[in-house]
Amino acid sequence: KRILTLKSEEAAQKADEQKARQEYNAVTDLINGMNTECGRLDEEVHTLQETLKNQNEQMEIGQKTFHREESRLESLRNMAERYDGFGNAIRRVMEQKDKNPGIHGVVADLIEVGKKYEIAIETALGGSIQNIVTDTDETAKRMIEFLKQNRFGRATFLPMSSMKNRNEFNQKDALKEKGALGIASDLVKADPMYSGVLSYLLGRILVVDNINNAIAIGRKYHHTIRIVTLEGELLNPGGSMTGGAFKNSSNLLGRKREIEELTDSVAILKKDMEDMQKSIADNRSRRNVLRDTIADLQEKLRTAYVSQNTAKMNLDLLEARAEEIREQYDRIRRDQEDIRKKVSEIQSSNDRIDQELEASKKDEEELNTYIDTRTRELEEYRQEETALQKEMESLRIDLASLEQKEGFQKENLARIEGDITNLTTEQENLEQSQSDLLSENENRKTQIGSLKNAIHEYDLQEEEAEQTLTQLQKDKEDRNKSHRAFFEKRDELSSQITLLDRECYRLRSQKEKLEEALETQINYIWEEYEMTPNSALSYRNEEYTDRAKMKKQVSSLKEEIRALGPVNVNAIEDYKEIKERHTLMSTQYEDIQKARETLNEIIRDLDDGMRRQFAERFQDIQREFDKAFKELFGGGKGTLELQEEEDILEAGILIISQPPGKKLQNMMQLSGGEKALTAIALLFAIQNLKPSPFCLLDEIEAALDDSNVGRFASYLQKLTKNTQFIIITHRRGTMVAADRLYGITMQEKGVSTLVSVDLVENQLS
């Protein structure tokens with residue numbers, strides 16, 4: 001029966017074990033697959049993180065570049081709109097461009113120049129770059145009258161009707177010379193309608209690549225050609241040369257080109273930023289999706305690990321059960337062998353037993369007699385054995401006591417022997433240390449003697465060194481006295497050199513200013529009269545020799561011209577417009593004055609109402625404060641007073657407290673707990689005057705002692721009829737009076753748990 005039961009259990013166990021192993025293998029394969037997927041996703045997230053980091057860095061750099069370029073573009077556009085870099089008169093005229101269609105613009109805005117030729121063309125144009133191009137002489141005349149009337153300054157106008165390509169470059173052979181790049185008017189781009197203006201301004205100027213070739217061309221053509229180089233050197237007819245470091249803060253010609261380049265650059269940067277932002281957003285979305293996927297996989301992994309552990313436990317249990325079944329099989333087989341052996345022995349011994357049974361019957365009677373006799377003897381032996389056992393028990397107890405004492409004695413003896421050994425060793429060490437110290441003492445005495453001798457020798461050497469130092473200092477003083485005159489002379493010469501350097505710098509600056517002024521005058525003569533200084537000498541009148549008289553005459557003529565004054569033909573219309581504006585603004589001013597008086601009256605009414613309401617409420621608070629003070633302190637007196645001789649809305653408030661058994665005194669002279677309780681009384685006085693449905697108190701009773709905490713809690717209980725209080729506290733008395741307690745505990749690191757206790761239910765139960 002047992003074998004049949006085990007066989008059925010074994011078959012069921014094998015089926016369960018196979019099923020459990022399949023489940024375990026399936027879960028293990030699933031976990032391995034999910035771990036591989038998690039690793040791949042983590043690697044992809046890491047790659048995306050690095051990509052996002054690099055993209056953010058590139059984005060930051062791109063944003064800085066974009067904002068810098070955009071700010072530069074906006075600045076250039078504002079400068080172009082405000083005509084920064086142009087004279088005041090030019091700006092004033094260009095403000096009238098919308099009202100006067102005949103104004104085409106300044107020269108700098110009407111032409112386009114390649115970056116290669118910007119310096120050369122701007123140098124060639126000089127002041128003409130700010131000339132204003134108009135359609136006809138009449139437009140220029142109107143604008144000149146406009147400048148005169150408003151005293152805005154002077155400007156040069158270029159009427160296109162007067163520009164008829166009169167400036168032609170006659171030295172055509174010069175274009176074939178080495179380094180010649182072309183006529184300046186041919187190197188710029190503009191609307192065909194401005195060809196006359198360009199010919200007038202640039203038609204007789206040759207552009208050359210460098211100054212060496214320019215000088216060679218100028219010499220060959222006897223300095224009759226105006227030449228400009230790419231680096232800004234200018235060779236004027238007559239032989240004068242202008243050059244040096246080119247400084248151009250306004251960059252009127254390059255401004256338009258720079259605006260176009262910056263516009264394209266800003267558009268490209270903006271598109272790059274938008275693409276980068278889109279890429280960052282896509283990568284972030286992809287990263288977030290991957291993180292969500294990883295979180296789901298990890299959750300599934302946790303579930304799979306639980307399933308794996310469950311399957312593993314089930315498999316282990318089934319394997320243990322299989323082992324148990326095998327052991328039971330072995331046990332049954334052993335039992336079968338034992339049973340067979342016993343059956344054989346029983347069968348062989350049955351015959352012998354039958355024979356012996358007969359003999360035993362005979363012996364039984366003899367044995368019964370013998371047993372009776374021995375039974376009586378056994379009883380006597382048992383009594384003696386009991387007595388001997390009691391005696392042996394007593395002896396064992398004595399022996400155990402003696403053995404315990406012997407153990408204690410042996411332990412004490414071993415400890416004493418160890419102490420003797422340690423003391424002997426310590427004594428030997430001390431004796432050795434004593435001998436070492438004696439020998440060291442002798443050595444130290446010897447060293448002290450040597451040091452004393454050395455100190456004596458050093459003292460002698462120090463005396464000699466001091467004498468030598470004294471002699472050297474004396475020599476130094478003598479040399480200083482002899483050198484003092486030399487140093488004074490050197491300082492005097494240095495001062496003179498400094499003064500001469502300053503004078504040289506001043507003269508050099510003055511020279512540069514004079515050269516700039518001379519160059520300005522030469523350019524003015526050329527721009528106004530198209531004459532060189534050498535050609536202007538031919539027009540010199542020897543009769544005009546008095547420079548002061550000439551200046552006076554010029555000033556007189558200018559004053560006469562200025563005295564004529566402008567004629568304002570729009571004065572009547574301007575007067576009507578200003579009068580209407582004055583009438584409107586006067587009406588508005590009267591309305592504002594009336595509104596001001598009305599507002600002042602409202603403010604006075606509000607102040608009176610506030611004073612009246614504050615006085616009434618202050619009396620109520622005084623009364624409630626005294627009540628709350630007496631209940632919290634168990635007596636005493638609390639008073640609120642306003643400072644005298646001050647406006648009630650600006651007056652200070654005095655809090656006077658008289659706790660039980662103390663004299664009346666200012667609140668600032670109380671102890672910390674009394675101050676806190678007084679402040680609580682004032683708080684509850686305001687609360688009692690107009691109870692709020694909800695109130696939060698944060699450790700306001702922390703400074704109170706236990707008895708005052710009890711009064712505070714009892715008083716707070718009375719106020720719960722109209723107000724619900726939430727109190728943050730660490731005081732036991734307040735906690736005892738509460739209806740419900742909430743606490744935060746952290747049983748596991750990093751995991752906070754809320755614990756609550758309903759004291760009202762506990763009291764009711």
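How do the residues of the lining of the second largest cavity divide into nonpolar, polar and charged? In this predicted model, the lining divides into 7 nonpolar residues, with no polar and no charged ones.

The cavity itself comes from a search of the whole structure, which finds 2 cavities of 30 Å³ or more. Rolling a probe the size of a water molecule over the atoms shows where empty space is left. For the second largest cavity, the volume is about 30 Å³. Its lining consists of Val107, Leu110, Ile111, Val133, Tyr194, Val197 and Leu198. Two elements, α3 (107-110) and α6 (195-202), each give two or more residues to this lining.

Helix α6 can be followed further. Of its 8 residues, 6 are buried, and the helix is mostly covered. The buried set is made up of Gly196, Val197, Leu198, Ser199, Leu201 and Leu202. Val197 and Leu198 thus appear both among the buried residues of α6 and in the lining of the second largest cavity.

The surface offers another nonpolar group. Leu599, Ile602, Ile603, Leu606, Met610, Phe614, Leu649 and Ile653 form a nonpolar patch there, and together they have about 710 Å² of accessible area. Helix α11, residues 571-633, supplies the largest share of the patch, with 6 residues.

One of the patch residues is Leu606, which is located in helix α11. Is leucine 606 buried or exposed? Its relative accessibility is 51%, and exposed means over 50%, so leucine 606 counts as exposed.

Note on methods. Residues are numbered from 1 along each chain as its sequence is written. This is a predicted model: local features need pLDDT of at least 70, side-chain atom pairs count only at pLDDT 80 or more; totals for chains, interfaces and linings use all residues. Side-chain values use heavy atoms; hydrogens and water are left out. On a 1 Å grid over the protein atoms alone, a cavity is a set of points where a 1.4 Å probe fits but cannot get out, and a pocket is an open set with protein on both sides within 12 Å along at least five of seven lines; lining residues have an atom within 4 Å of a point. Grid points are joined across faces, edges and corners, and a volume is the space filled by probe spheres set on the points. Helices (H or I, at least four residues) and strands (E, at least two) are DSSP runs, numbered from the N terminus. Ala, Val, Leu, Ile, Met, Phe, Trp, Tyr, Cys and Pro count as nonpolar, Asp, Glu, Lys and Arg as charged, and the others, Gly among them, as polar. Patches are made of residues with over 30% relative accessible area and no salt bridge: like charges are joined within 9 Å, nonpolar side chains (Val, Leu, Ile, Met, Phe, Trp, Tyr) within 5 Å. Accessible areas come from the Shrake-Rupley method with a 1.4 Å probe; for residues, only the protein chains shown count as cover. A salt bridge is a side-chain nitrogen of Lys or Arg within 4 Å of a carboxyl oxygen of Asp or Glu. Buried means under 20% relative accessible area, exposed over 50%, partly exposed in between (1.4 Å probe, protein chains only).
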